[in-house]
Amino acid sequence: MKRFICIHGHFYQPPRENPWLEAIEIQDSAHPFHDWNERITAECYAPNALSRILDDQLRIAKIVNNYARISFDVGPTLLSWMEAKAREVYEAILEADRISRKKHSGHGSAIAQIYNHMIMPLATREQKLSQARWAIRDFEHRFGRLPEGMWLPETAVDTATLEILAAQDIKFTVLSPHQASRWRKSGDSAWTNVSDKPLDTRTAYLAPLPSGRSIALFFYDAEISRAVAFERLLDSGDNFARRLMGGFSHYSSGVQLVNIATDGETYGHHHRYGEMALSYALRQIDSSAHATITNYGEYLERFPPTHEVEIRENTAWSCSHGVDRWRKDCGCNVSHLPGWNQKWRAPLRSSLNWLEQELSCQYEQSGREYLKDPWKAQDDYIEVILDRSPQSIELFLDRHALQPLEHEQKVLVMRLLEMQRNSMLMFTSCGWFFDDISGIEAAQNLFYAARAAQLAEQVFGIDFQDGLEERLQEARSNIPEQLNGQQIYETRIRPAVTDLRKVAAHYAISSLFEPYTETTQLYCYTVLSGSTRKLRGGRARVTAGRLDIASKTTLETGSFTFCAVHFGDHNLTGGVREFRSQEEYQALLKEVEESFNSADFLRVVRLLDRHFPGTLYSLKQLFLDEQRKITGLMLEPALADVEASYREIYEPNVPLMRFLEDLRIPLPKAFDLAAQFVLNSGLERALEKEPLDLTEIASLLQQVKVRRISLNSQEVGFRLRNVIRRRSARLLSQPADLSVLTGLEDVVKLAHMLPFPIVLWDLENALCEVVQARHPVMKKRADCGDEAAQAWLKAVESLAVKVKVRV
């Protein structure tokens with residue numbers, strides 16, 4: 001076979017973690033999901049791990065792991081999130097690489113990706129080295145092997161970056177054909193400019209480097225890649241396969257590689273069911289005998305480059321102006337909104353460059369007091385990021401510290417290294433890619449900048465935030481209310497800055513509602529609570545106690561005394577101060593108890609003012625997820641009253657509404673609003689009950705249909721999918737239980753009653769797994785007269801018909 005096809009998917013999400021918590025907080029724009037990672041996992045990453053191939057009756061005939069058949073890279077920070085939050089998808093990706101090694105002569109289909117998607121031509125040499133080395137070590141940690149290839153963010157490239165990749169034994173990377181400058185056959189002296197004759201993307205090239213090293217480059221087929229990403233080629237798996245196989249030259253009898261590259265999110269997130277088109281196309285190619293699926297590593301070993309190439313410096317796949325999209329208003333943007341510009345990009349870049357230069361200078365100078373080589377320590381810090389256990393940190397310090405360190409010196413060193421980590425995260429490419437500095441991507445970079453500046457101030461005693469804010473004035477937003485980068489920083493970034501006292505305040509206020517144990521892991525902080533006192537009287541409650549808090553990232557510790565009180569509704573306040581003495585602490589507890597038990601709530605407030613002057617906190621200071629949770633609890637009584645009021649309007653007037661409907665008279669708006677609220681809230685609540693009352697739900701849906709009520713499809717659909725997910729998990733754990741099967745069939749009937757489609761993905765997966773594992777055995781038993789097996793087969797086959805799974 002001389003014809004080969006390689007499909008590459010670049011799977012990436014920017015790091016979204018709150019840098020003080022090391023966790024992603026709720027993102028409203030991703031609703032009904034918690035955050036964008038969760039949403040895109042549901043729409044793309046998980047479906048590609050369990051992709052469907054349909055038969056001619058549109059039944060699920062097979063479920064396949066797309067990652068095992070394509071070349072792919074996944075961002076290290078995204079894999080880290082998956083490891084904790086989407087474990088099954090994470091394991092499927094690792095397994096795919098193991099499978100691909102068996103299929104492709106020992107070459108895994110996974111390649112590495114630069115650590116936090118920094119635009120490499122715009123990075124300093126130290127950043128380039130750390131980004132590449134962190135990416136390689138992260139890859140090795142997860143995939144159990146060294147990477148052969150490396151994906152460059154936005155394929156942004158310069159010779160210095162290629163030199164660093166080659167020095168790290170990276171064999172190849174993938175670029176856009178417009179990033180080639182000139183090419184020649186190996187051994188020839190004359191070069192051919194790409195402007196005179198385009199290079200052939202159907203082969204690999206060798207890029208000789210000034211150091212004497214070299215690296216192989218693959219250039220993807222731009223036309224087919226564009227059709228996949230932007231021209232709806234994924235509407236048909238057949239058309240996709242034909243287009244790929246049509247990419248070969250009929251005038252060449254030599255070896256050819258048709259290779260394409262797009263964002264991995266194209267397959268499912270950007271194009272719904274795109275993952276199924278990919279699966280089908282791969283199957284068609286396999287069955288055609290016209291081409292062989294391969295990956296870059298296998299192809300490179302079998303067919304080493306016979307041509308050389310030189311790159312166009314400082315270019316990228318998503319900017320026609322080099323790498324200007326990440327440093328100036330070049331004209332490239334997403335939405336093309338009239339009157340908007342991206343002039344904010346340049347001052348944002350220069351502001352963060354200024355901060356990075358200041359911090360790097362301080363880091364090197366201060367680091368040399370404690371570390372053998374600060375830059376080698378930075379490169380090796382990935383070991384701590386991958387494992388933040390005390391043992392890992394001690395091993396790291398043993399390797400890099402000039403001498404054994406006291407605890408405060410360890411804290412200082414960890415703050416320095418975390419400062420450097422955040423000063424790289426603040427250059428994540430998405431911060432400049434989109435249309436305005438007020439977007440969540442640019443704001444996320446500013447959060448990392450604020451964290452880096454805070455750590456610098458803690459170590460050096462220098463306030464860098466004021467200087468950063470001043471420079472951000474020049475970054476003007478297109479949204480008048482947002483004004484500029486300075487205002488965004490002042491209103492959205494500074495309030496999020498967190499220290500141990502704020503962690504203590506969060507614990508204090510949330511402990512009014514949360515049953516914390518003596519030792520609590522609060523994000524990246526370990527909290528030990530002493531003799532906490534909790535009192536309650538009517539709607540009022542109070543808590544007071546002592547806390548010892550330790551950060552897992554910087555090792556800093558603090559001891560605090562706290563008191564928090566809730567008088568009902570949103571009237572909630574608390575105070576925190578450093579722990580001073582046991583006697584003073586006991587006196588506080590006694591005074592709190594006396595004041596509260598006497599129902600003298602004014603005295604309790606005065607007590608807070610006296611013991612915690614100038615340090616009172618409210619619901620506003622809670623971390624976002626807990627703030628939403630507690631606010632929800634507080635709103636429950638008020639929302640119940642609102643629903644009761646709407647119900648009082650709706651229920652007595654149902655006969656009148658029916659009469660109006662019979663006359664085909666539109667419902668008065670007041671009736672329509674009441675019906676919408678009552679029926680939507682009733683459905684949402686009914687879907688939270690276990691067991692489900694299917695009769696009640698069916699009645700509500702019938703009323704929705706008759707009244708022509710607009711359902712909150714997103715919320716209702718999300719809740720029903722959660723019901724299906726829970727019941728599907730029960731099927732996997734109890735596959736022989738007939739009641740589980742019949743219960744699932746009832747839920748499917750319910751889903752089909754809704755006026756919008758419901759994703760049955762979890763049920764389809766579970767049923768396919770159960771059928772594959774148990775159906776042959778149960779069929780044999782049924783054929784031998786086993787009545788239980790016969791009943792099971794009947795239930796399974798009935799459910800399979802309804803969810804279109806082939807048995």
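**Salt bridges around D97 and beyond**

Let me begin with a pair of side chains, those of D97 and R145, which meet in a salt bridge with an N to O distance of 2.8 Å. This contact links distant parts of the chain, since D97 sits in helix α3 whereas R145 belongs to the loop between α4 (125-143) and β6 (150-151), and 48 residues separate the two. Both D97 and R145 are buried. I should say at once that the model we are looking at is predicted.

D97 also takes part in a salt bridge with R101, where the closest N and O atoms are 3.2 Å apart. Here the two partners both belong to helix α3 (residues 87-103), and they are 4 residues apart, which is about one turn of the helix. As for exposure, D97 counts as buried because its relative accessibility is 0%, while R101, with a relative accessible area of 25%, is partly exposed.

Let me now turn to another pair, E690 and R726, whose salt bridge has its closest N and O atoms 3.8 Å apart. This pair, too, links distant parts of the chain, with E690 in the loop between α24 (669-686) and α25 (694-707) and R726 in helix α26 (residues 713-733), 36 residues apart. E690 counts as partly exposed at 41% relative accessibility, and R726 likewise counts as partly exposed, at 36%.

Beyond these pairs, there is a network of salt bridges that links E83, R87, E91, D138 and R142. Taking the structure as a whole, the number of salt bridges it holds is 54.

Note on methods: Residues numbered from 1 in each chain as written. Predicted model: local features only at pLDDT ≥ 70, side-chain atom pairs only at ≥ 80, totals over all residues. Heavy atoms only, no water. Salt bridge = Lys/Arg side-chain N within 4 Å of Asp/Glu carboxyl O. Buried < 20%, exposed > 50% of the residue type's maximum accessible area, 1.4 Å probe, protein only.
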